[in-house]
Amino acid sequence: SYQLTGKPQLTVAAGDGSVTIVARNQNQINAHVTTTGWRIGPDVKIEEHQTGNTVEIDIRIPHGYFNFFPREHNLHVELDVPRSADLNIHTGDGAISCDAVSGNVALDSGDGSISAQGLSGSVRLHTGDGSIQASGIDGSLQTHTGNGRVTVAGRFDALDIDTGRGQVNATVLAGSKMSSDWRVGTGVGNVTVSLPPDFSAELDGSTGVGHVTVDFPVTVSGSFVGSSVRGRIGKGGAALRVHTGVGDVHIERSGS
């Protein structure tokens with residue numbers, strides 16, 4: 001447990017373990033590490049450091065582990081944090097889940113899925129290979145996965161979604177503001193972006209192999225062909241770039 005006097009900055013390197021982050025009405029951080037097949041101390045090394053409201057936890061697991069009587073080996077980290085916190089969480093090979101934290105939140109997995117609910121502020125979600133699911137987001141969101149489906153919903157000030165291979169579904173809620181250009185894209189997979197009825201943007205939708213459909217009236221600038229569309233939605237504004245290399249792009253109106 002780590003006692004706090006203000007908003008914490010928490011950095012965790014979780015080895016190859018899975019991580020669960022739970023926001024609570026408290027002024028401290030609780031970290032609970034559970035292992036199977038390894039012992040904490042002889043096998044799993046934990047280094048921790050606190051300076052004021054800055055907490056760093058580094059968990060290291062054995063590499064090149066060999067046993068003539070193999071057992072299941074895994075590690076799980078559970079973090080109870082205040083509802084307002086800056087988080088920088090990394091795991092090499094494990095899933096990450098996080099709920100209802102407000103702040104600068106960066107969740108990174110080398111090979112694992114990421115799920116987040118109710119985050120607000122500046123949110124970055126990254127995994128080398130795994131799905132990303134984020135709902136109830138309020139603020140800016142940046143996501144990337146090398147291979148996996150991305151499903152997000154929220155009120156966005158900024159939005160940047162990228163996956164090498166996987167379907168993308170983005171639901172933009174009322175009250176979202178495009179203060180800069182947005183990007184939603186995948187290398188292979190269908191992309192669906194749901195927008196509020198009064199949404200405004202300069203739309204740039206395209207696919208290498210597939211079709212683009214738009215449920216909104218569009219003031220076209222240039223050509224409107226089946227594989228691409230450029231034009232104004234509503235009053236226009238910043239650019240909404242939606243792209244897939246192979247697949248269909250669909251820009252739909254909320255409730256349609």
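**Exercise 1. Determine whether Thr143 is buried or exposed, and find what surrounds it.**

Step 1. Thr143 has a relative accessible area of 2%. That makes it buried, because buried means under 20% relative accessible area, exposed over 50% and partly exposed in between (1.4 Å probe, protein chains only).

Step 2. Place it. Thr143 lies in strand E13, residues 132-145. Strands (E, at least two residues) are DSSP runs, as are helices (H or I, at least four), numbered from the N terminus.

Step 3. List the contacts, meaning heavy atoms within 4.5 Å. Leaving out residues up to four places away in sequence, Thr143 touches Leu125, Ile132, Val150, Val152, Asp160, Ile161 and Asp162.

The model is predicted: local features need pLDDT of at least 70, side-chain atom pairs count only at pLDDT 80 or more, and totals for chains, interfaces and linings use all residues. Residues are numbered from 1 along each chain as its sequence is written, and side-chain values use heavy atoms, without hydrogens and water.

**Exercise 2. Find the partners of Asp108.**

Step 1. Asp108 is found in strand E10, residues 102-109.

Step 2. Look for a salt bridge (a side-chain nitrogen of Lys or Arg within 4 Å of a carboxyl oxygen of Asp or Glu). Asp108 is buried yet has none. The nearest side chain of opposite charge, Arg124, is 4.7 Å away. For charge, Lys and Arg count as positive, Asp and Glu as negative; His and the chain ends are not counted.

Step 3. Turn to His90. Its side chain joins that of Asp108 at 2.5 Å. This is a polar contact: a pair of N or O atoms within 3.5 Å, where within protein one must be able to donate a hydrogen and the other to accept it, and residues adjacent in sequence count only if both atoms are side-chain atoms.

**Exercise 3. Analyse the salt bridge between Lys7 and Asp86.**

Step 1. The side chains meet at 3.3 Å, N to O.

Step 2. Lys7 lies in the loop between strands E1 (2-3) and E2 (9-13), and Asp86 in strand E8 (residues 86-91), so the pair ties together parts that are 79 residues apart in sequence.

Step 3. Compare exposure. Lys7 is partly exposed at 43% relative accessible area, whereas Asp86 is buried at 15%.

Step 4. Widen the search. The whole structure holds ten salt bridges. Asp138, Arg155 and Asp157 are linked in a network of them.
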